[in-house]
Amino acid sequence: MPPRRLLGFNSAITHNDGMLTSSIARHSGLSYEGANQLLTQAVNDLKARYAMNGQVSLPRIGTFKGEEGGQMIFTPDTSAESIVSVAYGALPVINLTTAQEDADATALDAIQFKSKPWWSQGLRPIGKIAASIAILASLAITLSTPIVYDKEGAGYASMATPKVSASQKAVVPSASPAPELYIAIPREEIEPEVEPANPWRCETADRYFLIVASMETRRMAEKYLNERPNEFLSILERDGRFRVYVATGRTFEEARSPMSNPAFLSLHPDAWVYRR
């Protein structure tokens, strides 16, 4: 598999070195103080969303979710679009050999090289000459063998022939098959993600709507929704306007009930009730 990295947070590190503020200042052209105010406002906004919904998601980074006992759990984004995975997304898959395989191949080459002495090359011509001499000597012995003529019978040249016996077949012991090894790996249980429920009443058939923004076009209203994916916002189109609402009610008081929540007020202090 291609290499990849995993994002995490260390809760023991609380020192602010100002690197993020300096980066925002360079990118946006603001002063250090202005960038610090912008960063503080963004952090407070995330904290308010976390306090209201119990979790907050950051695209391409991960999700912060509250557990029982007030503990915050961070789950990083492991998709191919994650900020820590995109650098390795296009690397091909390659096959690697182990160090033991390379060592065995090197040792085998060394053994084959040592099995041939340095002087073996020089004995090849001598061996050919000795073989030629042996062939000539055998031919001379054959030609010098006396011929026995049998007057009574047909005359044939005679030479004692050696007895030839059939060679026995070599018995090669059969190798026992190597045992097969099976390893059972337990299946990893993945808990299904539970989508958070909207804490406020939101029925399109109701008459009263708690408005948090009013836009001139639907595109502007949809952009407002996409920038706040954790607030359960919807769009109401009435009188040529595209109003973004967060809750509804059968009565005026029921529709404005979220305004009694301090976390909601910190996000939308100018919310108002619209009667259809």
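This passage describes the fold, the nonpolar cores, a helix pair and two loop residues of a predicted model.

The protein contains seven helices and seven strands. Read from the start of the sequence to its end, these elements follow the pattern α-α-β-β-β-α-α-β-α-β-β-α-α-β. Of the 276 residues in the protein, 18% are buried. Among contacts with a separation of 6 or more, 54% are accounted for by residues 24 or more positions apart.

The interior was examined through its nonpolar cores. The largest nonpolar core has 22 residues, and the members that touch the most other members are Leu-210, Val-212, Tyr-224, Val-244, Val-246 and Phe-264. Two or more residues of this core come from each of helix H2 (32-53), strand E4, helix H5 (218-226), strand E6 (241-249) and helix H7 (262-267). The most is given by E4, which supplies five residues. A second core, separate from this one, consists of five residues, including Ile-211, Leu-236, Tyr-245 and Tyr-274.

Val-212 illustrates the surroundings of a residue in the largest core. Val-212 belongs to strand E4, which covers residues 208-215. The relative accessible area of Val-212 is 15%, and since this value is under 20%, the residue is classed as buried. When neighbours within four places in sequence are left aside, the contacts of Val-212 are Tyr-224, Leu-233, Val-244, Val-246, Phe-264, His-268 and Ala-271. Among these partners, Tyr-224, Val-244, Val-246 and Phe-264 are also listed with Val-212 as the core members that touch the most others. In addition, the C-alpha atoms of Val-212 and Asp-270 are 6.9 Å apart in space, although the two residues are 58 residues apart in sequence.

Val-244 presents a further set of contacts. Not counting residues up to four places away in sequence, Val-244 touches Leu-210, Ile-211, Val-212, Ala-213, Ala-221, Tyr-224, Leu-225, Leu-233 and Ser-234. One of these partners, Leu-225, is placed in helix H5. Leu-225 and Val-244 are 19 residues apart along the sequence, with a C-alpha to C-alpha distance of 8.0 Å. With residues up to four places away again not counted, Leu-225 touches Leu-233, Ser-234, Ile-235 and Val-244. Leu-233 thus appears among the contacts of Val-212, of Val-244 and of Leu-225.

A helix pair was considered next. The axes of helix H1 (residues 19-28) and H2 come within 8 Å and cross at roughly 110°. Because this angle falls in the range of 65 to 115 degrees, H1 is roughly perpendicular to H2. The crossing in which H1 passes H2 is right-handed. On the side of H1, the contact is made by Leu-20, Thr-21, Ser-22, Ile-24 and Ala-25, and on the side of H2 by Tyr-32, Ala-35, Asn-36, Leu-38 and Leu-39. Classified by residue type, the contact of H1 with H2 comprises seven nonpolar residues, three polar residues and no charged residues.

Two residues of H1 show this contact in detail. Thr-21 lies in helix H1 and is buried, with a relative accessible area of 0%. Apart from neighbours within four places in sequence, Thr-21 is in contact with Tyr-32, Ala-35, Asn-36 and Leu-39. Ile-24, likewise located in helix H1, has a relative accessible area of 22% and is partly exposed. With neighbours within four places in sequence left aside, Ile-24 is in contact with Gly-29, Ala-35, Leu-38 and Leu-39. The C-alpha atoms of Ile-24 and Ala-35 are separated by 6.0 Å, and these residues are eleven residues apart along the chain. Ala-35 and Leu-39 are therefore listed as contacts both of Thr-21, which is buried, and of Ile-24, which is partly exposed.

Backbone geometry was also examined in two loops. Arg-60 is found in the loop between strand E1 (55-58) and strand E2 (62-66). Although Arg-60 is not a glycine, its phi is positive, at about 65°. Arg-60 is partly exposed, with a relative accessible area of 43%. Phe-232 is placed in the loop between H5 and strand E5 (234-238). Phi of Phe-232 is near 55°, again a positive value in a residue other than glycine. Phe-232 has a relative accessible area of 24% and is partly exposed.

Notes:
Residues are numbered from 1 along each chain as its sequence is written. This is a predicted model: local features need pLDDT of at least 70, side-chain atom pairs count only at pLDDT 80 or more; totals for chains, interfaces and linings use all residues. Side-chain values use heavy atoms; hydrogens and water are left out. Helices (H or I, at least four residues) and strands (E, at least two) are DSSP runs, numbered from the N terminus. Buried means under 20% relative accessible area, exposed over 50%, partly exposed in between (1.4 Å probe, protein chains only). Contact means heavy atoms within 4.5 Å. A nonpolar core is a set of buried Ala, Val, Leu, Ile, Met, Phe, Trp, Tyr and Cys residues joined through side-chain atoms within 4.5 Å. Axes are lines fitted to C-alpha atoms, for helices over the stretch in contact, and angles run from 0 to 180 degrees between N-to-C directions. Angles under 35 degrees count as roughly parallel, over 145 as roughly antiparallel, 65 to 115 as roughly perpendicular and the rest as oblique. A crossing is left-handed if the near helix is turned anticlockwise from the far one by less than a right angle, and right-handed if clockwise. Ala, Val, Leu, Ile, Met, Phe, Trp, Tyr, Cys and Pro count as nonpolar, Asp, Glu, Lys and Arg as charged, and the others, Gly among them, as polar.
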